[in-house]
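Student: I have a model open and want to learn how to read its features. Where do we begin?

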Amino acid sequence: MAKEGLGIEITELRLGLPGDNNRERSVCGSNKKRAFSETMSSSSLATKDENSVVSSANILANKVEDDSSPAVKSQVVGWPPVCSYRRKKKNEEATKAIGYVKVSMDGVPYLRKIDLGSSHGYTHLATVLEDLFGCLGLGVVLKKGEMCEYVIIYEDKDGDWMLVGDVPWQMFRESCKRLRIVKRSCGTGFGLQRDSSFE
Amino acid sequence: MGLPLPSKVLEHILSFIDSNEDRNSVSLVCKSWFDTERRTRKRVFVGNCYSVSPVTVSRRFPKMRSLTLKGKPHFADYNLVPDGWGGYAWPWIEVLAKKNPLLEEIRLKRMVITDECLEMIAASFKEFKALVLVSCEGFTTDGIAAIAATCRNLEVLELRECIVEDLGGDWLSYFPESLTSLVSLDFSCLDSEVKLSDLERLVSRSPNLKSLKLNRAVTLEGLESLLRRAPQLTDLGTGSFSAEFEPEMFSKLSKAFAECKQLKSLSGLWDVIPEYLPALYSVCPGLTSLNLSYATVRMPDLVGILRRCWKLQKLWVMDLIEDKGLQTVAMRCKDLRELRVFPSEPDLDDVSVALTEEGLVTVSRSCRKLESILYFCVQFTNAALVTISRYRPNIKCFRLCVIEPFAPDHITREPLDEGFRAIVEGCKDLRRLSVSGLLTDKAFEYIGKHAKKVRMLSIAFAGDSDLMLHHLLSGCEGLKKLEIRDCPFGDSALLEHAAKLETMRSLWMSSCFVSFGACKVLSQKLPKLNVEVIDEMYPPESRPENSPVERIYIYRTLAGPRLDMPEFVWTIHKNPEVGVSNLAIK
């Protein structure tokens, strides 16, 4: 491996044992990345701690041999260098954005998606759901839930399953992550608790 | 030999000198000039709160009316500095409260300030006028309430990008009815809703109010009402610019904006809905500063605004502006001085936005006054960098972030060495530089050779060896702040150029290969530096001398070792018995 030109190695203070050449680097990009990982693992700093800055180099070195592996990139701490305040605001925005939510229905093998953002109220929502799953009198469900075969529930931001229609429309829209249309017979006391049968 | 200048005359002359850099030079002339200067300095700036003790500063500048302090290193913005590292305001406030009770202004950046601190400020400085906290943390809205309630002559209260524990919107209601002196209020970083009626009354009784930056919780209706009460505003940060589109609201809003004939700066625009953007058209021609970096507006909705802002000097925007939008900027914003383009996807997911290097090239070509650039982009080319440098030799601040680490020129697949060479060769007044993309040691040879005036340099995922650091430390004469992460250099260049570090404010290195042993040597050699080893995983003494440490922060200081270090920060002073004697054996 060629050493760089300036002959700096003569003046180099060696802190390792004589003959220890761990520090050699090559100019080529991919070798550099391997060099990262060699030194990192030799100091046994392999760690899964997300917050460890060292592990970010480790991850890059070990996994990004070809530049285009998207899964790995998002694990590098503090990169791209967007300040944490800005990141926080972007995340808030992402969660606030009212968009499409998935809807599933008992007995129906496929999932559908509806755009809550463009819906203006519970009645409208019921109409949309009816159209999606065939006329099943869902509108009635929302008006007088007691008498119907189906109940509509939704999962909120905290992961709890709630009955659709209990809270003001705006509040529901903002906290709804997904919807389920379930047969009433599946369980009555689902209320505010997460019921494992829905998972 | 002439007669010495009477100090009264010198004082009078100095009253015309505001720049602290000039005043620092003045104070080096001779003892009497030092003395006269220090007695007359009103605005004091301390770039690193640990570089000097509060007592020293307080004693030197008895007439101090304004203090600016900076705490954590810049890379703290990117979560590279662990919580609890330091940067506490308390020791400063404690001293100033006792010794400089006439203090009027405190400006802090990246510091930790508690409610207790804020209460002390409110209680101790009778003439207190201005509090500006930038990227600070450690306090709650209760602390803000204390300031609001007690500072009778308050003019400025600005919380910019702070992490505040938000206990509710009551703090605003603590401004007494008798407070009519407000000039600037910025609570954009707070989450809770404030009582609109209290805000309306505050605004109505503040005839000098020039700058108002609302938080997201303020609605469009609220905004409209506030604008009607403060048409004299020059700086406005809106709240949420979103609601179901209603023509009546739109026309009210347009009218309110039309009355704001002095508006120069506009920001906020959270959640903006394109249908409401035309309400801003009337103020666009007067704007010199526009911050759309939180507005998720896409093209082509942005064009309407951009083409009307022909006096714009500063534009902050997201990459949603795309190359097309930047073409509009190039055509219409001929006065542009500063451009910042932020990524809409802050994580390294696939960025699917049509923003390329061409956008920046277009603006650089047409906007003759452009001198400050921050640009996030998926990819770049040497050719683009060369073009930019040719058209804009006047660039003073160039920060390019190629989002993918190690990304080469996407056409030639070469490193970006030649491109950055053009930048540093061509832009002779460059003061601040951030590099990215695939870079070899050569790039740093060019930077060392040409970037003589660069004061601050940021580097990540670059270089091949110690040569890169050697070039920088031996070449960049004006270098004051160097921050490096994830670069493969070790100890040798650092130790060879150790003396350089005393001419700089600070050096940050993380995920590089500098060893604990080298840190000890540096500490021993240069007692005027604090060499901090920041390692959350392992106490550095528990590992071999030659193993690399996680992070190192080196800064010059007159104050000696600091006493508030958490356990994951090591300096030689912490363990003086762990000397460097075992190095001699090797």
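**Charges, bridges and rings**

Tutor: Begin at the surface: E116(B), E119(B), D142(B), E165(B) and D170(B) form a negative surface patch. This is a predicted model, in which local features need pLDDT of at least 70 and side-chain atom pairs pLDDT 80 or more, while totals for chains, interfaces and linings use all residues. Residues are numbered from 1 along each chain, chains are lettered from A and ligands numbered from 1 in written order, and side-chain values use heavy atoms, without hydrogens and water.

Student: What makes a patch?

Tutor: Patch residues have over 30% relative accessible area and no salt bridge; like charges are joined within 9 Å, nonpolar side chains (Val, Leu, Ile, Met, Phe, Trp, Tyr) within 5 Å. Asp and Glu count as negative, Lys and Arg as positive; His and chain ends are not counted. A charge is placed at NZ of Lys, CZ of Arg, CG of Asp or CD of Glu. Areas come from the Shrake-Rupley method with a 1.4 Å probe, and only the protein chains shown cover a residue.

Student: Is E116(B) buried or exposed?

Tutor: E116(B) is exposed, at 53% relative accessibility. Buried means under 20%, exposed over 50%, partly exposed in between. E116(B) sits in helix α6 (residues 115-124) of chain B. Helices (H or I, at least four residues) and strands (E, at least two) are DSSP runs, numbered from the N terminus.

Student: How do I read salt bridges?

Tutor: Side chains of opposite charge can pair when their charged atoms come close. The cut-off: a Lys or Arg side-chain nitrogen within 4 Å of an Asp or Glu carboxyl oxygen. Over all chains, the search finds 37. In one of them, R23(B) meets E37(B) at 2.7 Å, N to O. R23(B) is in helix α2 and E37(B) in helix α3, so the bridge ties together parts 14 residues apart in sequence. R23(B) is buried at 6%, and E37(B) is buried at 0%.

Student: Which aromatic pair should I look at?

Tutor: Rings of Phe, Tyr and Trp (its six-membered ring) pair if their centres lie within 6.5 Å; planes under 30 degrees apart are stacked, over 60 edge-to-face, the rest tilted. There are 27 such pairs over all chains. Take Y122(A) and W169(A): centres 5.1 Å apart, planes at 85°, so edge-to-face. Y122(A) in helix α5 and W169(A) in helix α7 are 47 residues apart. Y122(A) is buried at 18%, and W169(A) is buried at 14%.

Methods:
Buried < 20%, exposed > 50% of the residue type's maximum accessible area, 1.4 Å probe, protein only.
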